Amino acid sequence: KKFLIAKTVSGRTPRTVQHYKMSIRLILRSMQKTVDDITADDIRYYMAIRQRRDKVTKTTIGNEVRCLSSFMAWLNAEEILLKNPMLRVEKVRYEQKKKKALTELEIEQLRAAAEGEQEKMIIEVLLSTGCRVTELSQILLSEIDGTKVLIHGKGQKERYVYLNAKAEVMLEAYLSKRQDTNPYLLPGMISIHEIHEKGISVRKQKFWWMNPECVGEGHIGTGTIEAITRKIAKRAGVEQANPHKFRRTCATMALRRGMPLEQVSKMLGHSEISTTQIYLDLTEDELEQAHKKYVV
């Protein structure tokens, strides 16, 4: 509890603190030991079990162990533990594969397959801003100023992102259909039970956000946005068009059109440029052409 309080005081978001809590509890329950009895061998054995028996990815194992490492380092700094066993455990090494961005043809297929102003707006805003799905879900209408949108990113860091012409047009079209007073760009929906009680037709349920009776409090969840993009992709015949792929596509397209890497990194809300580089989907031909253009 003291560790989680320390993380909260240091500025970690509730979501991050919850991740620390769940990961550390999982590890301690698995080892069935108190922290002062855990050895480096225990940690290595846990990592091996997670990989071989539980079949989890190295990325997941690395994330879990990083939480334990932070906990152990704090215990050591507070002089609760005299030695930190994590110092003897090698970091998980895994291949960071560059994932594909959407092609221009796939983007047009998605645009054609989107139904209703909300779906079209979501596609254009994701492509224009490159924001995370959690950031999109939390946008307030009051934080949209023309083509400029205030985003609340990871680690409670705020930044501005910008709407291109297509995103601006679809945003205006979407907002013109909204008649509710919910403050969020993507409002929450009342329960299905409440919708049935109100006797709202199936046709109206499809575009529920146009009916003030269907709009509830708060904003829609990230899972809902992900489900929307999956449905659009299925209609369009496009593989894996999740919100993160839109983010990668925005970054890749911006770099291809000449935006400096530092500015792309700032647009995405990355603190390290190396993180941005993983997002980019550039072909060898593009690198060859860039080399001819920039390298003497």
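How much space lies in the largest cavity? About 30 Å³. Keep in mind, as you look around, that this is a predicted model.

**The cavity and its lining**

The count comes to one cavity of 30 Å³ or more. Seven names make up the lining of the largest cavity: E135, Q138, I139, E143, L150, I151 and H152. By character, that lining divides into three nonpolar, two polar and two charged residues. Strand β2 gives the largest share of the lining, three residues.

**The sheet**

Strand β2 also has a place in an open sheet, where three strands follow the order β1-β2-β3 with antiparallel pairing. The strands β1 and β3 stand at the edges with a single partner strand each, so one side of each is left without a neighbour in the sheet. In general, strands of a sheet pair through backbone hydrogen bonds, either parallel or antiparallel. Here, β2 and β3 run antiparallel and are joined by five bridges. To find one of these pairings in the structure, look for V149, whose bridge partner in β3 is V161.

Here are the three strands with their residue ranges:

| Strand | Residues |
|---|---|
| β1 | 144-145 |
| β2 | 148-152 |
| β3 | 158-162 |

**The nonpolar core**

Next comes the largest nonpolar core, which has 43 residues. Those with the most contacts inside this core are L110, M121, I122, L136, L185, L186 and F246. Several elements supply at least two residues each: the helices α5 (104-113), α6 (116-129), α7 (133-137), α8 (165-177), α11 (222-236) and α12 (243-256), together with strand β2. Which helix gives the largest share of this core? That is α6, with six residues. Strand β2, then, takes part in the cavity lining, in the sheet and in the core.

**A helix with two sides**

Finally, let us visit helix α13, which covers residues 261-268. Which residues of α13 are buried? They are V264, S265, M267 and L268. Seen down the axis of α13, these buried residues fall within an arc of 160 degrees, so they line one face of the helix. On the other side of α13, E262 and K266 are exposed. Just after the helix you will meet G269, which takes a positive phi of about 80 degrees.

Note on methods:
Residues are numbered from 1 along each chain as its sequence is written. This is a predicted model: local features need pLDDT of at least 70, side-chain atom pairs count only at pLDDT 80 or more; totals for chains, interfaces and linings use all residues. Side-chain values use heavy atoms; hydrogens and water are left out. Buried means under 20% relative accessible area, exposed over 50%, partly exposed in between (1.4 Å probe, protein chains only). Helices (H or I, at least four residues) and strands (E, at least two) are DSSP runs, numbered from the N terminus. The arc is that of the directions from the helix axis to the C-beta atoms. Two strands pair if DSSP finds at least two bridges between them. On a 1 Å grid over the protein atoms alone, a cavity is a set of points where a 1.4 Å probe fits but cannot get out, and a pocket is an open set with protein on both sides within 12 Å along at least five of seven lines; lining residues have an atom within 4 Å of a point. Grid points are joined across faces, edges and corners, and a volume is the space filled by probe spheres set on the points. Ala, Val, Leu, Ile, Met, Phe, Trp, Tyr, Cys and Pro count as nonpolar, Asp, Glu, Lys and Arg as charged, and the others, Gly among them, as polar. A nonpolar core is a set of buried Ala, Val, Leu, Ile, Met, Phe, Trp, Tyr and Cys residues joined through side-chain atoms within 4.5 Å.
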